[in-house]
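Please walk me through this model, from its sheet to its largest pocket.

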Amino acid sequence: MALSKLEKRIRIKRRVRGKISGSSELPRLSVYKSNKEIYAQLIDDKNGTTLASASSREKGVDAKGTKTEVSAAVGKAIAAKAIAAGIESIVFDRNGFVYHGRVKALADGAREGGLKF
């Protein structure tokens, strides 16, 4: 029986999460995208806490232009919040999504903002 698109993404997500983990020194940047919005969180898996978050729904994020341009703005916003919290290096978690388009734009925006992957 064939897997649905969601089941495939969850299977990939579980496989990736078995290999990477975030800490307070090296948090995990988790990305989630819906059809309309995109969200990013810096997560400390050892303590189970979210250190910073940004999304395309926030007022501080410039949500103008295409969805890819908005994703890059969210990447820059999460980078600014991370640097304000004293975080410079992260581990990137694409959450089972393909590293292309909006996910790649968010990652590039975070790199432009000063985060090291």
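What follows covers the sheet, one buried strand residue, an unusual loop residue and the largest pocket.

The model is a predicted one. Start with the sheet. It is open and has 4 strands, in the order β3-β2-β1-β4. The pairing is mixed. β3 (49-55) and β4 form the edges, and each of them pairs on one side only. Neighbouring strands are turned against each other by 20° on average, with direction ignored.

Now look at the pair β1 and β4. These two strands run parallel and are joined by 3 bridges. Ser-30 has its bridge partner, Asp-93, in β4. In general, the strands of a sheet pair through backbone hydrogen bonds, either parallel or antiparallel.

A helix packs on this sheet. α3 touches β1, β2 (38-44) and β4. The direction of α3 makes about 145° with that of β1.

Stay with strand β1, where Arg-28 lies. Is Arg-28 buried or exposed? Its relative accessible area is 7%, and buried means under 20%, so Arg-28 counts as buried. Its surroundings can be listed. Neighbours within four places in sequence are left aside here. Arg-28 is then in contact with Arg-17, Ile-20 and Gly-22. Gln-41, Leu-42, Ile-43 and Asp-45 are also among its contacts. Val-91 and Asp-93 complete the list. Asp-93 has already appeared as the bridge partner of Ser-30.

Move on to the loop between β4 (91-93) and α3 (102-112), where Asn-95 lies. What is the sign of phi at Asn-95? Phi is positive there, about 65°, although Asn-95 is not a glycine. Most residues other than glycine have a negative phi. Asn-95 is also buried, because its relative accessibility is 7%.

Last comes the largest pocket. Its volume is about 330 Å³. The lining consists of 13 residues. Which of them lie nearest the centre of the pocket? They are Lys-5, Arg-9, Lys-33, Gly-96 and Phe-97. Two elements, α1 (5-17) and β1 (28-33), give two or more residues to the lining. The largest share comes from α1, with 5 residues. By type, the lining divides into 5 nonpolar, 4 polar and 4 charged residues.

One strand links several of these parts. β1 is joined to β4 by bridges, is touched by α3, holds Arg-28 and gives residues to the lining of the largest pocket.

How values were computed. Residues numbered from 1 in each chain as written. Predicted model: local features only at pLDDT ≥ 70, side-chain atom pairs only at ≥ 80, totals over all residues. Heavy atoms only, no water. 1 Å grid on protein atoms, 1.4 Å probe; cavity = no way out; pocket = protein on both sides within 12 Å on 5 of 7 lines; lining within 4 Å. Points joined across faces, edges and corners; volume = space filled by probe spheres on them. Nonpolar A, V, L, I, M, F, W, Y, C, P; charged D, E, K, R; others polar. Buried < 20%, exposed > 50% of the residue type's maximum accessible area, 1.4 Å probe, protein only. Pairing = 2+ DSSP bridges. Axes fitted to C-alpha atoms, helices over the stretch in contact; angles between N-to-C directions. Contact = heavy atoms within 4.5 Å.
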